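Got your viewer open? Take a seat and follow along, one selection at a time.

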Amino acid sequence: MLNVVALTYRLTGIGIRVTVRHSKRFGKFGDPQGAAGYSGPIIIGFDEMSWEDIMKNVFYASAATLALSAGAGFADGHLKFAPGDGAFTWESFEALKSMDLSGETITVLGPWLGPDKELVESVIAYFEAATGADVQYSGSDSFEQQIVIDTEAGSAPSIAVFPQPGLAADLASKGYLSALPDDTADWVRDNYAAGQSWVDLGTYAGKDGNPAHYGFFYKVDLKSLVWYVPENFEDAGYDVPQSMEELKALTDQIVDDGGVPWCIGLGSGGATGWPATDWVEDMMLRTQTPADYDAWVSNDLKFDDPKVIAAIEEFGAFARNDAYVSGGAGAVATTDFRDSPQGMFASPPQCYMHRQASFIPSFFPEGTEVGVDADFFYFPAYEGKDLGKPVLGAGTVWAITSDSKGAQAFMEFLKSPIAHEVWMAQTGFLTPHKGVNTGVYTDPTVAKMNDILLNADTFRFDGSDLMPGAVGAGVFWTGMVDYAGGKDAAEVAASIQSTWDSIK
Amino acid sequence: MDMAGGKSRLTWAVNLSAALLVLLWIIPTVGLLISSFRDRDAISTSGWWTALSASEKNVIERALAPGEAKPEGDLWVIEGKVLEGQGTTVTAFGITSKEPEAFSPGDTATHARGHKITVQADGRYRIEYAEEPSGSRGQRLFVRAETPPGFTLDNYREVLFAEGMGRSLLNTLTVTIPATIIPVLVAAFAAYALAWMEMPGRALLVAAVVGLLVVPLQVAFIPLLKLHIGVGLGKGYLGIWLAHTGFGLPLAVFLLRNYMVGLPGEIIESARVDGATDFQIFRRIILPLSFPALASFAIFQFLWVWNDLLVAKVFLGTGEDQVVMTGRIVDLLGSRGGDWEILAASAFVSIAVPIFVFFSLQRYLVRGLLAGSVKGG
């Protein structure tokens, strides 16, 4: 391809514009066509032109040249951390350079927008720098709908990033996902903490009904966290509870002292109710065995089983008590989950604790420094029950929706420590990858979260994300809103089960 | 007298209720406008109606870190100011979250650890330590302060100067202008044919068009996109123009046909008698007379395409040269939404162009109405 950079200058005195074209060849784009006859400036046109215009054109021309050479030369300047610096596993970055993908375009569709999009793009930049491929990430707030439309219509991106494994399984069963290479499952088993469970979560039945490994987990979120303001605890003389019994005692003590212990908000537009499903899942893990949890998620244990109803009522013990919740139990279903943590930072505090996943600090008031102004502790387990320390989490599944050499190579890149470390060194990234250097965490709170993840006796994936969409992203949500509004737990559970029966 | 009084009272009632309705109608917009000038924390902690007056609120500020203390005599002192530059007056302060309003400005509070804290009414504070303090976590100061209304232009700055916003505006125009002109053109021809050209099955055709109005466009996404990809159109501007044209046509044909049917038949008859062809009648008579209907449909279509996000997401690619303004704004809202201040500001930014279009077309609308009188024709 021939790249032409137009330069314009003025012949003083006669007031005419002379447009001169220089052909410039960029090796990366292949051989120039028609450049053979090029022999110096070619005069194209004459007309009136001012000095400003000329300067402007020169500026544009040089800007264009810069942009082109940056694209062609893969300058390292746009990488967040210069290769070779810091505690990163740079060998894995160097190893990537063995793949030459220049000219390949890989499209990635994911759920991240805004600042999260910049983060994921900062990781992708390393893949581009090492291989020469062009990766276009685009985020969508309606990812769930868009990926279905795109795959059905045949315009799927190379790689899709699913926030919920349930949707990935759905697309796999319709034959829209390409199975990962055979050795990927083994790699995950060996290199991820609790590897087998990550393989299981990424293994779905294909169109032919045979299970295969489709989904690769990259970026994990931790859900079993309780956020609090350490200085409010100090002022009131409270200690961080180590067990569920202590947490309940603390809740009562705060009420006795005239305070309000919890801020809970379930509002989330069309997804209203989902924060309650996390509560119930956490309570399931703290009252029943992991085996029961798995059976519940696959509906071998019915939704209206007394064990599940008991877990829902455990949540109700917190959320349906007027004295326990800021604004009273009636406010739980109507408060937006994004606004609900604000009460902790009010003066005087409207509540002392907020149970939410690791992402919530982005909704704290501006300037809140996690670790100083706010902190978190593990949502504790019952000391009296022998269930260890269960942890609830979620994660994003990356799967190939349109197979190509580039897509395969990109999945290979996600295995490399550097892909994890670049995001870790910035913010909000947890990983089960055992081969990464945790020394790159700049944020002690995230390191603390990763500790919770690694110290867990049981790790379970967000159940509602694994249930069929009509339940996990439908009646479970609305049922929890009904329950928070005062409906009987058994009644709610029975209606959720009846929906589940109807879609089998 | 009685009659007249009754009438004027009635007029008053009508005017009043109209004014009330307008007020009711406009309140959400006013709220949005005010919200667009507030920052996120203000929006999430108080309603927009409180934004216009000075308010007393409790604020938590952190003093400078103990490590910054400077020796003064045999004391170590930190001095600074809370709520710097906001013109606030402190009415009470406290040093623990349990009693955030325990002291009056000028009083000296003694912390459990021994240091003494004073906050003045103008926000200046002074913390005295007996020994050299250490640590990086500053003392929290709980202040009750009278705060004048505070507004910010940051939201607009963020929306207007977001990376790629200019490019997106161009992309939106690239989508919108052809997607408005094409359906108006096609629908005008079709509407004339359906209104004034005798042909068998005309009523059925009109019924079919009305029937199409009921079909939600969402059901057509996947088949239409499949078709576009099948014929090699792919995702791109041509595809979205065709899609918008298709989605807009039923309403356009229906509106224009109903309008054209109402035009006086005598003019068309006499033109026919004079030997005008159908195309001449359409061009010389129908088109000028239909200007108000064309203009109002153009406004409809323009607004709908301008505000559209869904169709653009489906039929356009995701590259930098194809992201429309609505898509860019959604990007700004973040992965979990909830950035209300950005939403409010971008609503007013994106409203600017449609308002301009509306007012510039409104002129034609009035002219077209005048041209529609039989005698003038």
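Start by selecting β12 and strand β13 (residues 458-461), both in chain A: 4 bridges join these two strands, which run parallel. Keep in mind as you look around that this is a predicted model. Now pick out one rung of that ladder: Leu392(A) has Arg460(A) in β13(A) as its bridge partner.

Stay with β12(A) and bring in strand β5 (residues 159-162) of chain A. This time the pairing is antiparallel, again with 4 bridges. Show Phe162(A) as sticks, and you'll find Val397(A) of β12(A) standing opposite.

Next, add strand β8 (residues 216-222) of chain A. β8 and β12(A) are antiparallel too, and 5 bridges hold the pair. Here, click on Phe216(A), whose bridge partner in β12(A) is Trp398(A).

So what surrounds β12(A) itself? Select residues 390-400 of chain A: 11 of the 11 residues in this strand are buried, so β12 is largely enclosed by the rest of the structure. Colour the two faces separately if you like. One side carries Pro390(A), Leu392(A), Ala394(A), Thr396(A), Trp398(A) and Ile400(A), and the other has Val391(A), Gly393(A), Gly395(A), Val397(A) and Ala399(A); both faces are covered.

Time to move to another sheet. Select β9, β10 and β11 of chain A, and you have an open sheet of 3 strands in the order β10-β9-β11, with antiparallel pairing. Which strands stand at the edges? They are β10 (353-355) and β11 (375-378) of chain A, each with a single partner strand, so one side of each has no neighbour in the sheet. Turn the view to look across the strands: the twist averages 30° from one strand to the next.

Zoom in on β9 (residues 225-228) and β11 of chain A. These two pair in the antiparallel sense over 4 bridges. To see one of the pairs, select Val226(A) together with its bridge partner in β11(A), Phe377(A).

Last stop: show both chains and find where they meet. The contact takes 33 residues from chain A and 33 residues from chain B. On the chain A side, highlight α3 (114-131), β4 (134-139), α4 (143-153) and α8 (230-236), each of which supplies at least two of the residues that touch chain B. Then colour that side of chain A by residue type: you'll get 12 nonpolar, 12 polar and 9 charged residues.

Conventions: Residues numbered from 1 in each chain as written. Chains lettered and ligands numbered in written order. Predicted model: local features only at pLDDT ≥ 70, side-chain atom pairs only at ≥ 80, totals over all residues. Contact = placed C-beta atoms within 7 Å. Nonpolar A, V, L, I, M, F, W, Y, C, P; charged D, E, K, R; others polar. Pairing = 2+ DSSP bridges. Axes fitted to C-alpha atoms, helices over the stretch in contact; angles between N-to-C directions. Buried ≥ 20, exposed ≤ 12 C-beta atoms within 10 Å, placed from the backbone.
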